Amino acid sequence: MINWKKISAIVLASTCLAGTLVGCGSEDKSIDLTSTAPSIEIMTSSTKTTSAGASSPVVQAIEDHLGKKMSEKYGTQYDKVKLNMNWVLSTAYGEKVTAALGAGQYPNVMLVTARNSSIIQNSKHGTFNDIKFAFDDPERYPYFAQANKSILKNITIDGKIDGVYRARTIGRNGMTFRKDWVLNLYKKGVLNFEEPKTIADLDAMVKAFTENDPDGDGQKNTYGMIITTYLAGPLDNLAIWMGSPNGWGYDEETDTWKPSFMSQGYFDALTKLRDWYAAGYINKDMATLDPNSWDTQFLNGYGGIQIDVADRARRNATNIESKDPNAIVDVIGYVTKDEGTNPAILPTTGYNGYYVMPKKTVQTEEELDFILSVLDECNSPTVVNLCNYGIEGMHYTLDENGKAVVIDDDKLTKDYADLNQFSMAMVSGSEYLSKAFANIVAAKVQEVYESNEQWGVANPMAPYISENYAMSGTQLDAIIDEAKTNYITGNLDADGYRKAVEQWMKMDGDLVCEDFKRAFDTDETNIVDGKIVIPEEYKYQFAF
């Protein structure tokens, strides 16, 4: 059972401390729970110039549904629960949050999109309500209780969970490739597979795509892989496939935690890209190619492989039709290191921001419980479906497979514009709608997402914060990012890369390593019988 009196005491006692950090002069926005239509002030991000407003029939349907559910829960008549949405364009959202923190003027619920030093300090000083208890009470908050525990750990700060996360696909990454090129080369006997399974297969693909005329036009005008200045997509995924840790790994020989770019698996991936680049299997302008032009060379039939988010395959499959109707685009989630190695994929954090409830504007146990109950219900199939597709019969219909077929009308889509940005969608299941697949590749992308999820390599340091990295991270990243590109393009040798790693350590990288070790060692969840326990999956071999 939750001790609401204890929670209330903590909330009230912490309010002044929070106000001290961010300013005590703001006007409280308390929720009037005696009203038949209580209003919750919410600040969240938007991507549209005009977002769904109070007059939207979809917003009204959500508010009516919430009123009905809260009436049932509390035994009080609520005609509706008003969601007073303050939409802020995503391009300016970070500045808006910073301004709110500085002025101490908060809504009841506020989206936090980045765990920067300001958010971390406010969390540590008690600006936001700790709602960790809400995820362990299935009777009171049934949807929260189904939250992904790994994602919850990723948003933890000093053992506290300050918010409700917006769920995003964990297994989002994959490899887009020209399947027709593979089939052509398979028929010629150049390749011995129709879909790559291992790094050796990928090796054969990038070579054959460059040297064996995969498009059959009789010219040597293609190459294997397209890479841009956004090196992280291809490199970090390839590194995981080749045995690198995700972000950080433990070096048992030195009893230290080290960043992934020091691991043997990561350096092997760098060297693989270096070899491909030297052989001409990668575009020569990779060090200068704008990521916004990433698809151009693929769609024009020059490059045959892209390692990035799997959904890139769906977009390219649609866009390539007008250029080459015979092209076949396919997607896979990963290749394995070799035939005897289990799959490993680079997962996302599983969330895109989270909603906090500032203590300044949510001061009582009743208010906190009411808001949590509303947000919990916003994860129900009814609300999630409304946010993503609108009202059945008005905004979408169902096909024979129960998939949503959106009625493509600008006036109608405005009714639920940006509500998908508000939606948390923490729970999945058959009652949650999904779109009818536009093509075969779109269906394959969904399969990749589902398959990838079980093979994600966890980042052991995702829940922790390094104060030194918060101060010096930009400079540290620049050192290593430059070294990676220069090593791949042949402007640095192995010794030069080693020196860059040494420079990273000297420029406070060593302090960052110490920060993360300290954070891991003092986390009670990592201590069993008084000893720090480091799972085997976090232990790796390191080249540096």
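Helices here are DSSP runs of H or I with at least four residues, numbered from the N terminus. I keep in mind throughout that this is a predicted model.

**Entry 1: helix H17**

I started with H17, residues 467-488. I count 22 residues in this helix, and its first and last C-alpha atoms are 31 Å apart. That is close to the 32 Å expected at 1.5 Å a residue. Where is the kink in H17 centred? I find it at Gly-473, with a bend of about 70°. Gly-473 is also on my list of buried residues in this helix. The others are Asn-468, Ser-472, Leu-476, Ile-479, Ile-480, Ala-483, Lys-484, Tyr-487 and Ile-488. I note that the list takes in Lys-484 as well as Leu-476 and Ile-479. Which helices do the buried residues of H17 pack against? I get three names: H8 (232-241), H9 (264-279) and H18 (494-521). Just past the end of H17, I see Gly-490 with a positive phi of about 85°.

**Entry 2: the nonpolar cores**

Next I looked up the cores. The largest one holds 69 residues. Met-110, Tyr-165, Met-357 and Phe-422 have the most contacts inside it. Helix H12, residues 365-377, is the top contributor to this core, with 6 residues. A separate second core has 61 residues, among them Phe-209, Ile-227, Trp-241 and Val-512. I recall that nonpolar side chains tend to be buried together in soluble globular proteins.

I then followed Met-357, leaving out residues up to four places away in sequence. Its contacts include Val-109, Phe-128, Ile-131, Val-164, Val-362, Leu-368, Ile-371, Leu-372 and Leu-375. Asn-108, Asn-129 and Asp-162 touch Met-357 too.

**Entry 3: Asn-173**

Asn-173 lies in strand E7, residues 173-178. Is Asn-173 buried or exposed? Its relative accessible area is 12%, which is under the 20% cut-off, so I log Asn-173 as buried. A polar atom of the Asn-173 side chain lies 2.8 Å from the backbone oxygen of Leu-346. Leu-346 is also among the contacts of Asn-173 beyond four places in sequence. The rest of that list is Asn-237, Asp-308, Val-309, Ala-310, Gly-333, Val-448 and Asn-452.

**Entry 4: the E9-E10 hairpin**

Last, I checked strands E9 (residues 248-251) and E10 (residues 256-259). They pair in the antiparallel sense over 4 bridges. What is the bridge partner of Gly-249 in E10? I find Lys-258. The two strands form a hairpin, with 4 residues between them. In the turn, I note a positive phi of about 55° at Asp-255.

How values were computed. Residues are numbered from 1 along each chain as its sequence is written. This is a predicted model: local features need pLDDT of at least 70, side-chain atom pairs count only at pLDDT 80 or more; totals for chains, interfaces and linings use all residues. Side-chain values use heavy atoms; hydrogens and water are left out. A nonpolar core is a set of buried Ala, Val, Leu, Ile, Met, Phe, Trp, Tyr and Cys residues joined through side-chain atoms within 4.5 Å. Buried means under 20% relative accessible area, exposed over 50%, partly exposed in between (1.4 Å probe, protein chains only). Contact means heavy atoms within 4.5 Å. A polar contact is a pair of N or O atoms within 3.5 Å; within protein, one must be able to donate a hydrogen and the other to accept it, and residues adjacent in sequence count only if both atoms are side-chain atoms. The expected span of a helix is 1.5 Å times one less than its number of residues. The bend at a residue is the angle between axes fitted to the seven residues ending there and the seven starting there. Two strands pair if DSSP finds at least two bridges between them.
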